[in-house]
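User: Can you walk me through this one? I would like to start with the sheet and then jump around a bit.

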Amino acid sequence: MTVHPSLQTYADAWSHSIEAIAELVQPLVEGEWNRRTPCPGWSVRDVVSHVIGLECEMLGDPRPIHTLPRDLYHVQSEISRYMEMQVDVRRHHTAPEMTSELEYTIIRRNRQLRNENRAPDAMVRAPLGTQQTLEQAMRNRAFDIWVHEQDLRTTLSRPGNLDSGGALVTRDVLLEALPKVVAKDAGAPPNTAVVFDVHGPVEFLRTVRVDADGRGRIDGSPSLGPAVTLTMDWETYFRLACGRVRAAAVPDRVKTDGDVDLAAAILREFAVTP
């Protein structure tokens, strides 16, 4: 690949995860494509359709002209309607059609990346008709693909790649959201600190500090007197943050110390993906 050096990490993480997805779904028989995944409302086929659809948009392909059914309970927002279009249009595709389109899309995207010579700050297409930098777009794709790889692994009982390049990109994306979760969404009082202690394949200790004006910031230094300490394993952390599971469903995997009400509020607001 010849992408800008600052984009290489995202390109490598994306490539590793999307090849893993292709390997996971290649041997599936028709019925297995209908299995429910942790991604709300989506089957294995739906997750792969989403992957194909957004990669096609990165290639500049036109979006499908399609009318969504009215009874899709999980479609609750403009962004979810946008994402559902690429999914619903493929809901009746067969297993061979899905795997062949995925393979062809990967080939096209790899060719695009090999020839990519735009700067990281070049503006490219983004969902809902907006624009974003190429760097943000590639970071988002590395994050999204890894999370959906894990959706499929969970469904198919094929765990793996919890510490891959995509996992590290996901860690960074999710950590950026923590100050808002703690300070704004959960309403942590000014001049408090909340510690997140995560162990497992990806380990980190981070403190969110809420200043006198109620704004949150994150750092890697421990706090001597945090209002709350949340301890959990990496898989639980990203599943909570990506809305794949609610804290009430995994009480044995999350340890809380300190202010019980604040801890509950943080866990209630923990999901940061649409």
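Analyst: What follows goes through the sheet, one threonine, a helix, the aromatic rings and the cysteines. Keep in mind that this is a predicted model.

User: OK, the sheet. What is the strand order?

Analyst: The order is 5-4-3-6-7, in an open sheet of five strands with mixed pairing. Strand 5 and strand 7 (254–258) are the edge strands, each pairing on one side only. From one strand to the next, the twist averages 15°.

User: Which helix packs on the sheet and touches strand 3, strand 4 and strand 5?

Analyst: That is helix 6, residues 165–185. Its direction makes about 30° with that of strand 4. Helix 8 (residues 260–268) lies across strand 3, strand 6 and strand 7, and runs at about 45° to strand 6.

User: Strand 3 and strand 6: parallel or antiparallel?

Analyst: Parallel, with six bridges between strand 3 (residues 192–199) and strand 6 (residues 228–233). Asp-197 stands opposite Thr-231 of strand 6.

User: And strand 4 with strand 5, how many bridges there?

Analyst: Four, and here the strands run antiparallel: strand 4 covers residues 204–210 and strand 5 covers residues 216–219. The two form a hairpin with five residues between the strands, and Gly-214 has a positive phi near 85° in that hairpin.

User: I was looking at Thr-207. Where is it found?

Analyst: Thr-207 is in strand 4. Its bridge partner in strand 5 is Asp-219.

User: Is Thr-207 buried or exposed?

Analyst: Buried, because its relative accessibility is 0% and the cut-off for buried is under 20%.

User: What does the polar side-chain atom of Thr-207 lie 2.7 Å from?

Analyst: The backbone oxygen of Ser-221. Ser-221 is also among the residues that Thr-207 touches, not counting residues up to four places away in sequence. That list also includes Ala-193, Val-194, Val-195, Ile-218 and Pro-222.

User: Changing topic. How many residues of helix 7 are buried?

Analyst: Seven of the eight, so to speak of helix 7 (residues 234–241) as mostly covered is fair. The buried ones are Trp-234, Thr-236, Tyr-237, Phe-238, Arg-239, Leu-240 and Ala-241.

User: What happens at the start of helix 7?

Analyst: A side-chain oxygen of Asp-233 comes to within 3.1 Å of the backbone nitrogen of Glu-235. Just after helix 7, Gly-243 takes a positive phi of about 70°.

User: Now the rings. How many aromatic pairs are there?

Analyst: The count is eight aromatic pairs. One of them is Phe-204 with Tyr-237, with ring centres 5.3 Å apart.

User: Why is that pair called edge-to-face?

Analyst: Because the planes of Phe-204 and Tyr-237 stand at 85°, and planes over 60 degrees apart count as edge-to-face. The pair links distant parts of the chain, since Phe-204 is in strand 4 and Tyr-237 is in helix 7, 33 residues apart.

User: What is the relative accessibility of Phe-204?

Analyst: Phe-204 is at 5%, which counts as buried. Tyr-237 is buried too, with a relative accessible area of 1%.

User: What sort of aromatic pair do Trp-234 and Phe-238 form?

Analyst: A tilted one, 5.4 Å centre to centre with 55° between the planes. Trp-234 and Phe-238 are four residues apart in helix 7, so about one helical turn separates them. Both Trp-234 and Phe-238 are buried.

User: Which residues form the aromatic cluster?

Analyst: Trp-146, Phe-196, Phe-204, Trp-234, Tyr-237, Phe-238 and Phe-270 form one aromatic cluster. Both pairs just described have their members in that cluster.

User: Last topic, cysteines. How many disulfides does the structure hold?

Analyst: Zero. Cys-56 is in no disulfide, and the nearest cysteine sulfur, that of Cys-39, is 18 Å away. Cys-56 is buried, with a relative accessible area of 9%.

User: And why is Cys-242 not bonded to Cys-39?

Analyst: Because the sulfur of Cys-242 is 9.5 Å from that of Cys-39, the closest cysteine sulfur, which is too far for a bond. A disulfide needs the two sulfur atoms within 2.5 Å. Cys-242 is buried as well, with a relative accessible area of 3%.

Key: Residues are numbered from 1 along each chain as its sequence is written. This is a predicted model: local features need pLDDT of at least 70, side-chain atom pairs count only at pLDDT 80 or more; totals for chains, interfaces and linings use all residues. Side-chain values use heavy atoms; hydrogens and water are left out. Two strands pair if DSSP finds at least two bridges between them. Axes are lines fitted to C-alpha atoms, for helices over the stretch in contact, and angles run from 0 to 180 degrees between N-to-C directions. Contact means heavy atoms within 4.5 Å. Buried means under 20% relative accessible area, exposed over 50%, partly exposed in between (1.4 Å probe, protein chains only). A polar contact is a pair of N or O atoms within 3.5 Å; within protein, one must be able to donate a hydrogen and the other to accept it, and residues adjacent in sequence count only if both atoms are side-chain atoms. Rings of Phe, Tyr and Trp (its six-membered ring) pair if their centres lie within 6.5 Å; planes under 30 degrees apart count as stacked, over 60 as edge-to-face and the rest as tilted.
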